[in-house]
Amino acid sequence: MAYRLAHPVSADDLIDEEDFDRDERLPYWAELWPSALALSRHLSTRDLNDVRAIELGCGVGLPTTVALARGATVLATDHYEAALDFTAHNARANLDREPDTALLDWRKPDIEGLGPFDLVLAADVLYEHKNAVALANLAPKLLAPDGEALFADPRRDGAPGFLAAMRANGFEDSVEEATVEQDTRKVEVLLHHLRR
Ligand SMILES: C[S@@+](CC[C@H](N)C(=O)[O-])C[C@H]1O[C@@H](n2cnc3c(N)ncnc32)[C@H](O)[C@@H]1O
């Protein structure tokens, strides 16, 4: 199945100095990153009926849309409200259905009443060490005991620390490699399957 996605024309135009001063956030949500393509391709091969999934850092929401299409119920999350709006729009435009959405900041997560989830999805979220530490704390709390975290990552600096912390939390990692072509670039993405 082919998907059409809307996203802002220019992420740079959305840079807001007040946001940056508050917690150094930048509008990375406004682009579709190669890791989201790799994760979505993987999801498109799976039967996700009756699976409860959450996406962290959903951006414009391709993995959320594909997981919905494959039968999952999905909670799409990000720390930008606009990312949630684009994700809901993109799911609706492709599938005539929407995910649940919620603001969720990995560094001060309010997860009361959320989950447990069978699948935690995330694409290109390990680009800062502080985020990698926060995500290694958060993902295990969201997952059901036999759940799976799927992190797609193009070898960002935070990935080794994240994986070491997940192993210390009792998770095993199996890795698939994918090459994603986007525009004129070829990007190697590692898809980490993490299970207890
Ligand atoms: C590089 S973008 C990836 C977007 C999307 N997953 C993709 O691959 O196309 C990182 C995403 O994580 C979100 N993000 C960054 N820091 C966050 C935080 N502390 N809490 C929640 N979301 C965050 C950004 O808003 C953005 O949507």
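This report describes helix α4, the salt bridges and the ligand surroundings of a predicted model.

## Helix α4

Helix α4 comprises 15 residues, 81-95. At 1.5 Å a residue, a helix of this number of residues should span 21 Å, and the end C-alpha atoms of α4 are 21 Å apart, so the expected and computed values agree. Directly after the helix comes Asp96, which has a positive phi, near 65°.

The buried residues of α4 are Ala83, Leu84, Thr87, Ala88, Asn90, Ala91, Asn94 and Leu95. Because they cover an arc of only 165° around the axis, they lie on the same side of α4. An α-helix has 3.6 residues a turn, so residues three or four places apart point the same way. The elements that cover the buried residues of α4 include helix α3 (62-69) and the strands β2 (73-78) and β3 (100-103).

## Asn90 within the helix

Asn90 belongs to helix α4. With a relative accessible area of 1%, Asn90 is buried, because the cut-off for that class is under 20%. Neighbours within four places in sequence left aside, the residues in contact with Asn90 are Arg4, Leu5, Ala6, Val60 and Thr65.

## Salt bridges

The structure contains 8 salt bridges. Side chains of opposite charge can pair when their charged atoms come close. One of the salt bridges joins Glu148 to Arg46, with 3.0 Å between the closest N and O atoms. This pair links distant parts of the chain, 102 residues apart: Glu148 lies in strand β5 (residues 143-153), whereas Arg46 lies in the loop between α2 (34-43) and β1 (52-56).

Glu148 also forms a salt bridge with Arg195, at 3.5 Å from N to O. Here too the pair links distant parts of the chain, since Arg195 is in strand β7 (residues 185-195) and Glu148 in strand β5, 47 residues apart. Arg46, Glu148 and Arg195 are thus connected in a network of salt bridges. As for accessibility, Glu148 counts as buried because its relative accessibility is 4%, while Arg195 is partly exposed, with a relative accessible area of 40%.

A further salt bridge is formed by the side chains of Asp105 and Lys108, at 3.8 Å from N to O. Asp105 counts as buried, with a relative accessibility of 17%. Its partner Lys108 is exposed, with a relative accessible area of 61%.

## Ligand surroundings

The ligand is surrounded by 18 residues, of which the closest are Trp33, Gly57, Asp78, Asp105 and Ala123. Asp105 therefore appears both among these closest residues and in the salt bridge with Lys108.

Polar backbone atoms also approach the ligand. A polar backbone atom of Trp33 is 2.9 Å from an oxygen atom of the ligand. For Gly57, a backbone N or O atom lies 2.8 Å from a ligand nitrogen atom. A polar backbone atom of Gly59 is 3.4 Å from an oxygen atom of the ligand.

Terms used:
Residues numbered from 1 in each chain as written. Predicted model: local features only at pLDDT ≥ 70, side-chain atom pairs only at ≥ 80, totals over all residues. Heavy atoms only, no water. Helix = DSSP H or I, 4+ residues; strand = E, 2+ residues; numbered from the N terminus. Expected span 1.5 Å × (residues − 1). Buried < 20%, exposed > 50% of the residue type's maximum accessible area, 1.4 Å probe, protein only. Arc of directions from axis to C-beta. Contact = heavy atoms within 4.5 Å. Salt bridge = Lys/Arg side-chain N within 4 Å of Asp/Glu carboxyl O. Near = heavy atom within 4 Å. Polar contact = N/O pair within 3.5 Å; in protein donor to acceptor, adjacent residues only side chain to side chain.
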